[in-house]
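Work through the exercises below with the sequence and the model open side by side. Each task is followed by a solution in steps.

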Amino acid sequence: IFSPANRLVGPTGVGVLSGKKAWLEKLVPPRTGGGMVRAFQNGEPEYEDAPLKFEAGTLDLAGIAGLGAALEYLHAVGRRRIAAREQALLRYAEKRLREIPGLRVLGSPQRRAGCVSFTLEPLQPLDVALMLDSQGIAVRSGSHCAIPLHARLGVSGSVRVSPAFYNAAEEIDVLIEALLRTLDSARKGGLLKDGANG
């Protein structure tokens, strides 16, 4: 399992790779560098045991320290508290998003994992994201590494909002107001016909 640190409220550019030692030993490192090769014979490297075999060259010491601090912080807050808080925010976000005319929330799982994805026809996901960005709201848009899923849902992409445990319900309310302003701007700009999407 690979987890990038930015998913753990840590710095970008560093992450955690975990797995069974036997399987990790069978993996071939994607790059080579100092400190990971035990010997070099007959034109082939003999790698150190994991984890050293994956640590090519100079390590990102600042990133590793930041990741360690992030993990300590998450441990102090508590995984159960974090999960409960995020589930409550996701339920609230989905409820509020469903109030917007013309907005389609993708999927209806009993329990969401980290995000709510939606489309806002006839606007393209990137346009929605850019219009929200101009209002100080950061979301992701595109296929989110899930092109086959989007194709199955009949859309080319989506907008994704990912409330975290440190967010507040009031911030979701701000998002909803910004989406309504986005629709109003699209209507005034001629992207929506009168009466479309409410």
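## Exercise 1: an aromatic cluster

Y73, F165 and Y166 are linked into a cluster by ring pairs. The model is a predicted one, in which local features need pLDDT of at least 70 and side-chain atom pairs count only at pLDDT 80 or more, while totals for chains, interfaces and linings use all residues. Residues are numbered from 1 along each chain as its sequence is written, and side-chain values use heavy atoms, with hydrogens and water left out.

Task: Describe the ring pairs, and state how covered each ring residue is.

Solution.

Step 1. Count the pairs. Rings of Phe, Tyr and Trp (its six-membered ring) pair if their centres lie within 6.5 Å; planes under 30 degrees apart count as stacked, over 60 as edge-to-face and the rest as tilted. A search of the whole structure gives two aromatic pairs.

Step 2. Take Y73 and F165. Their ring centres are 6.1 Å apart and their planes stand at 35°, so this pair is tilted. It links distant parts of the chain, 92 residues apart: Y73 is in helix 2 (residues 61-77), and F165 is in the loop between strand 8 and helix 6. Helices (H or I, at least four residues) and strands (E, at least two) are DSSP runs, numbered from the N terminus.

Step 3. Take F165 and Y166. This pair is edge-to-face, with 5.4 Å centre to centre and 70° between the planes.

Step 4. Assign accessibility. Buried means under 20% relative accessible area, exposed over 50%, and partly exposed in between (1.4 Å probe, protein chains only). F165 counts as buried because its relative accessibility is 13%. Y73, at 42%, counts as partly exposed, and Y166, at 55%, is exposed.

## Exercise 2: the sheet around strand 6

Task: Give the strand order of the open sheet of four strands, then place strand 6 in it.

Solution.

Step 1. Write down the order. It is 5-6-8-7, with antiparallel pairing. Two strands pair if DSSP finds at least two bridges between them. Strand 5 and strand 7 are the edge strands, each pairing on one side only. On average, neighbouring strands of this sheet are turned by 30° against each other, direction ignored.

Step 2. Find what packs on the sheet. Helix 3 (residues 79-97) does, touching strand 5, strand 6 and strand 8, and its direction makes about 15° with that of strand 6. Axes are lines fitted to C-alpha atoms, for helices over the stretch in contact, and angles run from 0 to 180 degrees between N-to-C directions.

Step 3. Follow the pairing of strand 6. Strand 5 (residues 103-105) joins strand 6 over three antiparallel bridges, with L103 opposite L120. Strand 8 (residues 158-161) also pairs with strand 6 over three bridges in the antiparallel sense. There S117 stands opposite R160, and F118 has V159 as its bridge partner.

Step 4. Check both faces. In a regular strand the side chains alternate between the two faces of the sheet. In strand 6, V116, F118 and L120 lie on one side and S117 and T119 on the other, and all are buried. Five of the five residues of strand 6 (residues 116-120) are thus buried.

## Exercise 3: the buried side of helix 4

Task: Which residues of helix 4 (residues 125-133) are buried, and what covers them?

Solution.

Step 1. List the residues: P125, V128, A129 and L132 are buried. They cover an arc of only 95° around the axis (taken from the directions from the helix axis to the C-beta atoms), which puts them on the same side of helix 4.

Step 2. Identify the cover. It includes strand 6, strand 7, strand 8 and helix 6 (169-188).

## Exercise 4: the surroundings of H144

Task: Where does H144 lie, and what does its side chain reach?

Solution.

Step 1. Locate H144: the loop between strand 7 (140-142) and helix 5 (147-153). H144 counts as buried because its relative accessibility is 17%.

Step 2. List the polar contacts (pairs of N or O atoms within 3.5 Å; within protein, one must be able to donate a hydrogen and the other to accept it, and residues adjacent in sequence count only if both atoms are side-chain atoms). The side chain of H144 reaches the backbone oxygen of S158 at 3.1 Å. A polar atom of that side chain also lies 3.4 Å from the backbone oxygen of G142.

Step 3. Add the contacts (heavy atoms within 4.5 Å). Leaving aside neighbours within four places in sequence, H144 touches H150, S158, V159 and R160.
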